[in-house]
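Here are a few exercises on side-chain contacts and burial. Grab a viewer, try each task, then check the worked solution.

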Amino acid sequence: MSAATAPAHRDGERAGAVSWWFVLAVGIAWALFALAILQFELTTERSIAVLLGVVLFVSAASELLATTATARGWRWSHALLAVLFAAGGVVALVWPDPTFAVVARIVAWYLLGKGIFDVVNAFVARRAELRGADFRHSDLRAADSPGAEVADLRGAAQWWMPLIVGMFEIGVAFWAVGYPKSSLTLLVLWVALAALATGLTKICMAARMRGARRDLATVDMFLSTGFGVPAVTEATRTHARTEATAGEGHGQRRFT
């Protein structure tokens, strides 16, 4: 292992402490919990507010888990979400005599903040993948390796999955905050949808981790070192140089 790739490799080991299947299991557990919420017999705003507080605290714990499974450069964002969700959980639990509007607004702010984060994360990941593919193609051309197989990084990390989830979350947020009437059934439904959205986010994260590691080792490197463009650039250039060196060695052996 060269000196250039060794730090990235060590960073990848630290960032990959959580396996993709564990993140998938967490997402499935969230989805089952969302289904169970709809079966709870909650008849007061207070009981729904307590349930929402529990959902927010567990969601904060899930974001702390995500800090161990995501890139180093993005860990602060998950930690920030964890703090905000925990604060929302405190508000939901200690609010005196919560009304329909109070609970609906807490749910809406939760979904809006999480939806914006997921949408931004999707576009940043997409940009990084496109830049990584461009650098990979240019490095292979510079290395004069016309026979090398060029993998497409753009489809490896499933960037569109969190985009869809984020748009869904933002839509439910506006529905909850703009609903003019009072309905306990809708309050329970919105809390269940918030839990479901959290589970879908974790399932998307697991799919991206799994897809990247299965399709191309280079994508696994930039997932573990960061979604940013510099990490993708370094990973793709290192992979291109390795393939170019291997191709030159094969050609020399064939002619000798």
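Before you start: a residue counts as buried when its relative accessible area is under 20%, as exposed when that area is over 50%, and as partly exposed in between. Keep in mind that this is a predicted model.

**Exercise 1.** Work out whether Lys202 is buried or exposed, then find its salt-bridge partner.

Solution, step by step:
- Lys202 has a relative accessibility of 2%, so Lys202 counts as buried.
- Lys202 pairs with Glu63, and their closest N and O atoms sit 3.4 Å apart.
- Since Lys202 belongs to helix H7 and Glu63 to helix H3 (residues 45–69), the pair ties together parts that are 139 residues apart in sequence.
- Glu63 is buried too, at a relative accessible area of 2%.

**Exercise 2.** The structure holds three salt bridges; find which residues are joined into one network by bridges that share partners.

Solution, step by step:
- Start in helix H5, where Asp118 and Lys114 lie four residues apart, about one turn of the helix.
- Their closest N and O atoms are 3.3 Å apart, in a salt bridge.
- Both of these residues, Asp118 and Lys114, are buried.
- Now follow Lys114 to Glu169: their side chains form a salt bridge at 3.1 Å, N to O.
- Lys114 is in helix H5 and Glu169 in helix H6 (residues 160–178), so this bridge ties together parts 55 residues apart in sequence.
- Lys114 and Glu169 are both buried.
- Put it together: Lys114, Asp118 and Glu169 make up one network through shared partners.

**Exercise 3.** Classify the ring pair Trp30 and Phe33, then do likewise for Phe100 and Trp190.

Solution, step by step:
- For any such pair, you need the distance of the centres and the angle of the planes.
- There are six aromatic pairs in total.
- For Trp30 and Phe33 the centres are 6.1 Å apart and the planes stand at 65°, so call this pair edge-to-face.
- Trp30 and Phe33 are three residues apart in helix H2 (residues 20–37), separated by about one helical turn.
- Trp30 is buried at 4% relative accessible area, while Phe33 is partly exposed at 24%.
- Phe100 and Trp190 are tilted, with 5.9 Å centre to centre and 50° between the planes.
- Phe100 sits in helix H5 (residues 100–142) and Trp190 in helix H7 (residues 184–215), so the pair ties together parts 90 residues apart in sequence.
- Phe100 is buried at 9%, and Trp190 is buried at 0%.
- Finally, ring pairs link Phe100, Trp175, Tyr179 and Trp190 into a cluster.

Note on methods. Residues numbered from 1 in each chain as written. Predicted model: local features only at pLDDT ≥ 70, side-chain atom pairs only at ≥ 80, totals over all residues. Heavy atoms only, no water. Phe/Tyr/Trp six-rings, centres within 6.5 Å; stacked < 30°, edge-to-face > 60°. Helix = DSSP H or I, 4+ residues; strand = E, 2+ residues; numbered from the N terminus. Buried < 20%, exposed > 50% of the residue type's maximum accessible area, 1.4 Å probe, protein only. Salt bridge = Lys/Arg side-chain N within 4 Å of Asp/Glu carboxyl O.
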